[in-house]
Amino acid sequence: MRSSNPLPPLLLFLFLFLFLHPLSSLANTCLIEDTCKHITAARPNIGYDFCIQSFNSDQESLSADAHRLAVIATRLANSSAVKTESKINELIEAESKPSTKDQLGVCSDVYSDAIDHLGNAARDIEARSYHDAMTFLSAALDAAENCEDAFEEAAVAPSPLEREDGEYGRLADMALAITASL
Ligand SMILES: *[C@@H]1O[C@H](CO)[C@@H](O)[C@H](O)[C@H]1NC(C)=O
């Protein structure tokens, strides 16, 4: 029989699928765990479980290297910022008190800027310009605190965006910490 045997490629495929695939995702579970351990040791406010759960929410994490994890964390922070911005705009629509509208307006502005910064950060991480990316990520991270400050200065506590600011802040901090480690 001179024609090429179709079995070896099939076996190779099965081997890759059954053996290498679970192995590589196992190896990656380790990378995600190591990365989360590393960054939450220095920044305990992020929370190890939060870090793991965040990466597990994105399929690409399973095959990502540390560089891609930085991109993914930036993307997760961006989704959170986009969701927060639309929640802020809903609150502004429904708000009748001018001072609260003003505080929400500050939050809307800082999150809108943060989304721009995250876009620049993602582009710079992709280009492996990690230092430039960190500048944008730091600026983006400030949104959570600046929004909280707007309410704190007006002695409004807790802020109506406490949960969103907390979650976004942790995601943006993850992106910054991972980028800083590259
Ligand atoms: C952030 O989300 C917006 C809206 O979905 C999208 O247009 C933008 O590309 C996203 N940026 C990043 C860094 O993922």
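**Exercise 1. α4 and α5**

Determine how α4 and α5 are oriented in this predicted model, starting from the angle at which the two helices pack.

*Solution.*
- Step 1. Locate the second helix: α5 covers residues 130-153. Helix α4 covers residues 98-126.
- Step 2. Read the geometry. The packing angle of α4 and α5 is about 165°, and their axes lie 8 Å apart.
- Step 3. Apply the cut-off. Angles over 145 degrees count as roughly antiparallel. Therefore α4 and α5 are roughly antiparallel to each other.
- Step 4. Add the hand. The crossing of α4 with α5 is left-handed.
- Step 5. Sort the contact residues of α4 with α5: 20 are nonpolar, 4 polar and 3 charged.

**Exercise 2. α3 and α6**

Classify the packing of α3 against α6, and say which residues meet there.

*Solution.*
- Step 1. Take the ranges. Helix α3 runs over residues 66-94, and helix α6 over residues 162-180.
- Step 2. Take the angle, about 160°, with the axes of α3 and α6 8 Å apart.
- Step 3. Classify. The cut-off for roughly antiparallel is over 145 degrees, so α3 and α6 are roughly antiparallel to each other. Their crossing is left-handed.
- Step 4. List contacts. From α3 come, among others, Leu-69, Ala-73, Leu-76, Ala-77, Lys-83 and Lys-87. The α6 side includes Glu-164, Tyr-168, Leu-171, Met-174 and Ile-178.
- Step 5. Count by type. The contact of α3 with α6 holds 13 nonpolar, 4 polar and 4 charged residues.

**Exercise 3. α2 and α6**

Repeat the analysis for α2 and α6.

*Solution.*
- Step 1. Helix α2 spans residues 48-56.
- Step 2. α2 and α6 pack at about 85°, with their axes 11 Å apart.
- Step 3. The range 65 to 115 degrees counts as roughly perpendicular. So α2 and α6 are roughly perpendicular to each other.
- Step 4. Phe-50, Cys-51, Ser-54 and Phe-55 form the α2 side. They meet Glu-167, Arg-170, Leu-171, Met-174 and Ile-178 of α6.
- Step 5. By type, the contact of α2 with α6 has 6 nonpolar, 1 polar and 2 charged residues.
- Step 6. Look back at the α3 contact. Among the α6 residues that meet α3 are Glu-167, Leu-171, Met-174 and Ile-178. These four names also appear in the α2 contact.

**Exercise 4. Two residues of α3**

Is His-67 buried or exposed? Which residues does Leu-91 contact beyond its sequence neighbours?

*Solution.*
- Step 1. Place both residues. His-67 is in α3, and so is Leu-91.
- Step 2. Test His-67. Its relative accessible area is 7%. Buried means under 20%, so His-67 is buried.
- Step 3. List what His-67 touches, leaving out residues up to four places away: Ile-125, Glu-126, Arg-128, Tyr-130 and Leu-182.
- Step 4. Test Leu-91. At 26% relative accessibility, Leu-91 is partly exposed.
- Step 5. Beyond four places in sequence, Leu-91 contacts Leu-104 and Leu-161. Leu-161 sits 70 residues from Leu-91 in sequence, with 9.8 Å between the C-alpha atoms.

**Exercise 5. Asn-120**

Describe the setting of Asn-120 in α4.

*Solution.*
- Step 1. Accessibility: Asn-120 has a relative accessible area of 24%, so Asn-120 is partly exposed.
- Step 2. Side chain: a polar contact of 3.2 Å links Asn-120 to the side chain of Arg-123.
- Step 3. Backbone: the C-alpha atoms of Asn-120 and Phe-136 are 6.7 Å apart, although 16 residues separate the two along the chain.

Conventions: Residues are numbered from 1 along each chain as its sequence is written. This is a predicted model: local features need pLDDT of at least 70, side-chain atom pairs count only at pLDDT 80 or more; totals for chains, interfaces and linings use all residues. Side-chain values use heavy atoms; hydrogens and water are left out. Axes are lines fitted to C-alpha atoms, for helices over the stretch in contact, and angles run from 0 to 180 degrees between N-to-C directions. Angles under 35 degrees count as roughly parallel, over 145 as roughly antiparallel, 65 to 115 as roughly perpendicular and the rest as oblique. A crossing is left-handed if the near helix is turned anticlockwise from the far one by less than a right angle, and right-handed if clockwise. Contact means heavy atoms within 4.5 Å. Ala, Val, Leu, Ile, Met, Phe, Trp, Tyr, Cys and Pro count as nonpolar, Asp, Glu, Lys and Arg as charged, and the others, Gly among them, as polar. Buried means under 20% relative accessible area, exposed over 50%, partly exposed in between (1.4 Å probe, protein chains only). A polar contact is a pair of N or O atoms within 3.5 Å; within protein, one must be able to donate a hydrogen and the other to accept it, and residues adjacent in sequence count only if both atoms are side-chain atoms.
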